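Colleague: I should like to learn how to read the features of a structural model. May we work through one case together, beginning with a helix?

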Amino acid sequence: MMISINFRISLIKQMERVKPLKLLLAHTKSCLYANSTRSFSNSNNIDNNQIKQNELERIMYEERNKLLSDVKEYVTIEKYVNIINPKLAEICPKKYMKIISIKEDILYLMDKCTAKKFVQLIIDDLSKNMIFVAECNPGMGLLTEELLKAGIKEIYAYETNDCFYPTLNELKTKYHNRLHIRKANLFKMSKLHYMDQHDNMDRIKDTLNGISNLAWENDVTYMQVIGASTDLKFFRHLILAMVFRTSFMKFGRPSFYVAISPSIWHDLNFPNSKAIMHYLYICYQTLFNCKYLGDIERMAYIPWRKRALKRQSKMHDHEILNVVKIEPKPDLFNNYLKLEDIIPYWYFLKYHFTGIEQKIIPELEKWVPGCGLKLIRMNYNIYTRFIDLSPIECFNLFKEFKSWPEFESSMFLPSAHSYVQFFNRINTPTKIN
C-alpha cells in the first residue's frame, strides 16, 4: 500500500510542474484520497484489517492505472520513468525512452505492479510445466523476481543490453543461483536461423544450451518462453519454424506466455479481409493452440507506442497488451496431418491466400484439371473464395485435395519444392514426399 501512495505523491508533484493541469490536479488529489478512504471504510460492521491483500492490491492497481491514463499525454516518457522506476531511468539506454510509431525491437517492463499481475495471469498454467523457463528481455528483472517468488525453480534470462547485468546478477545472488543470464534476444531467433543457414554454424543450439529433445506429441513442452512482443514478424517466424521444424521447434514443442498487441491477437484469432492476414489466421487456428489469459497496461513497457489514428484495429495497441499462451498442437501429426504433409499444407495456404479474390474451383483446376465437379459435389461453386473458408474448412479442403489420385502427378509438389528452395530451406530435416 505504501508503494502505491508514494507513487501517487510523486506523480502529483510531477503534475504540479505542468501549468495546464491545475484543474486536473485538483480533481485528481480530491478523488485520490476520497477513493482510498471509501475503499477501506464502509461501515462499522467491516474490520479494515480483515480486507484481503489481493483485493487491496487490485483496488490500488485500478486507481493507479486510471490516474496514469489521465495524465499520460501531459508527461514525457523520461519523467514518467523517473517517477515509476528511477533506477531504470538511470541505466536504461535512451533509445528506449521514446514514443515510437514503428515496431518495437525490445520492450522493457518498468512497473512492479504490472509484473505481479503478469505472473498472476500465467502462474497457474505455467506451474504445470516448468522444464526450461526462459524470459526474454528481462531488463531490470522485475518480472524475473516475481516469477522466482511465485515458485519457478530456475529461470534462464535472455538479455542483450549489458547495462542490466549488474542488477540481474544481484537477483542471481539473492535467489541462490536460480537465475541464469544469457546474452541473446529470443524474439530475434529468425535472425539467428538465417545466419546459421548461410554459414553452417549452430547459434540456435548454443543459445538454447541445456535443452533436451522432447517428443512432439508429449503433453508437456520442452521450453516455456515468457516476455512481451509487439512485432508481427516474430509470430510469422513461428509458422515457418513449425513447418520446417527449425528454430524454436527444433527440439520439440515450446510454449509461449507473451504479452502482445491487441491487433496481433485479433489477427491470429479472427478472420481478416486481407488475404495475407487471413493466411496468418488460418495457420494459427489449425497449427497452434491459442489461449487468452488477461490484459496488462501497455504504459508499463518502454518504449511507448504512438496512438494509431488510421487503422481501427490498432486503436488500443497503445493502451493495453493481451497476455496469451501460444503453443503448437501436440496431436497435430497424430490426428490431423502426417509429418511429411506439413510443407505441402503450408504451401497450399501460402499460394492460395495471395489475393482476396482467389476462387477455389478455378485455382484447384490449375493443379488438377477437371476437379470442378468433385468440388461442386462438396457444395462449392465457381464464386466460392478461399478467404470465405473457416480454418477447419480450409484444412479439410487440403486433405480432400491431397486424397485425389491426380495429386501426386500434378505440378503442385514440384511447385512447392521450388518455393521451398526460394526460401533457402532445402536443408531442413523435414522433406516433401
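Modeller: Contact here means heavy atoms within 4.5 Å. The model before us is predicted. With that cut-off, the cover over the buried residues of α8 includes α5 (86-91), α7 (142-149) and β5 (179-182).

Colleague: Which residues of α8 are buried?

Modeller: They are Y165, T167, L168 and L171. Viewed down the axis of α8, these buried residues fall within an arc of 160°, so they line one face of the helix. The general idea is that an α-helix has 3.6 residues a turn, so residues three or four places apart point the same way.

Colleague: What follows α8?

Modeller: H176 follows α8, and its phi is positive, near 55°.

Colleague: How should I set this helix within the chain, and how many helices and strands are there?

Modeller: The protein chain has 19 helices and 11 strands. Of its 433 residues, 52% count as buried. Take next the contacts between residues at least 6 apart in sequence: 74% of them join residues at least 24 apart.

Colleague: Let us turn to annotation. Which residues does the UniProt "binding site" cover?

Modeller: According to the unreviewed UniProt entry, the annotation "binding site" covers L109, E159 and N213. Such annotations may be inferred rather than shown by experiment. From this set, L109 belongs to the lining of the largest cavity.

Colleague: Is E159 buried or exposed?

Modeller: E159 has a relative accessible area of 0%, and is therefore buried. The loop between β4 (155-158) and α8 (165-174) holds E159. Leaving aside neighbours within four places in sequence, E159 is in contact with ten residues' worth of surroundings that one may list in full: Y108, N137, P138, G139, F164, Y165, L168, R182, K183 and A184. Two of these names, Y165 and L168, also appear among the buried residues of α8. In addition, the side chain of E159 reaches the backbone nitrogen of G139 at 2.9 Å.

Colleague: Where does N213 lie, and is N213 buried or exposed?

Modeller: N213 is found in the loop between α10 (203-207) and β6 (223-228). Its relative accessibility is 61%, so N213 counts as exposed.

Colleague: How does one read a pair of aromatic rings?

Modeller: A pair of aromatic rings is described by the distance of the centres and the angle of the planes. A search of the whole structure finds 32 aromatic pairs. One of them is formed by Y347 and Y419: the centres are 5.3 Å apart and the planes are at 50°, which is a tilted arrangement.

Colleague: What does the pair of Y347 and Y419 tie together?

Modeller: Y347 lies in helix α15 (residues 342-352) and Y419 in helix α19 (residues 412-422), so the pair ties together parts that are 72 residues apart in sequence. Y347, at 4% relative accessibility, counts as buried, whereas Y419 is partly exposed, with a relative accessible area of 24%.

Colleague: What can be said of F353, in the loop between α15 and α16 (360-367)?

Modeller: F353 is buried, with a relative accessible area of 3%. Its contacts, apart from neighbours within four places in sequence, are A275, I276, H278, Y279, I282, Q358, F386, I387 and C394. Of these, I282 is 71 residues from F353 in sequence and 9.9 Å away in space, C-alpha to C-alpha.

Key:
Residues are numbered from 1 along each chain as its sequence is written. This is a predicted model: local features need pLDDT of at least 70, side-chain atom pairs count only at pLDDT 80 or more; totals for chains, interfaces and linings use all residues. Side-chain values use heavy atoms; hydrogens and water are left out. Rings of Phe, Tyr and Trp (its six-membered ring) pair if their centres lie within 6.5 Å; planes under 30 degrees apart count as stacked, over 60 as edge-to-face and the rest as tilted. Helices (H or I, at least four residues) and strands (E, at least two) are DSSP runs, numbered from the N terminus. Buried means under 20% relative accessible area, exposed over 50%, partly exposed in between (1.4 Å probe, protein chains only). On a 1 Å grid over the protein atoms alone, a cavity is a set of points where a 1.4 Å probe fits but cannot get out, and a pocket is an open set with protein on both sides within 12 Å along at least five of seven lines; lining residues have an atom within 4 Å of a point. A polar contact is a pair of N or O atoms within 3.5 Å; within protein, one must be able to donate a hydrogen and the other to accept it, and residues adjacent in sequence count only if both atoms are side-chain atoms. The arc is that of the directions from the helix axis to the C-beta atoms.
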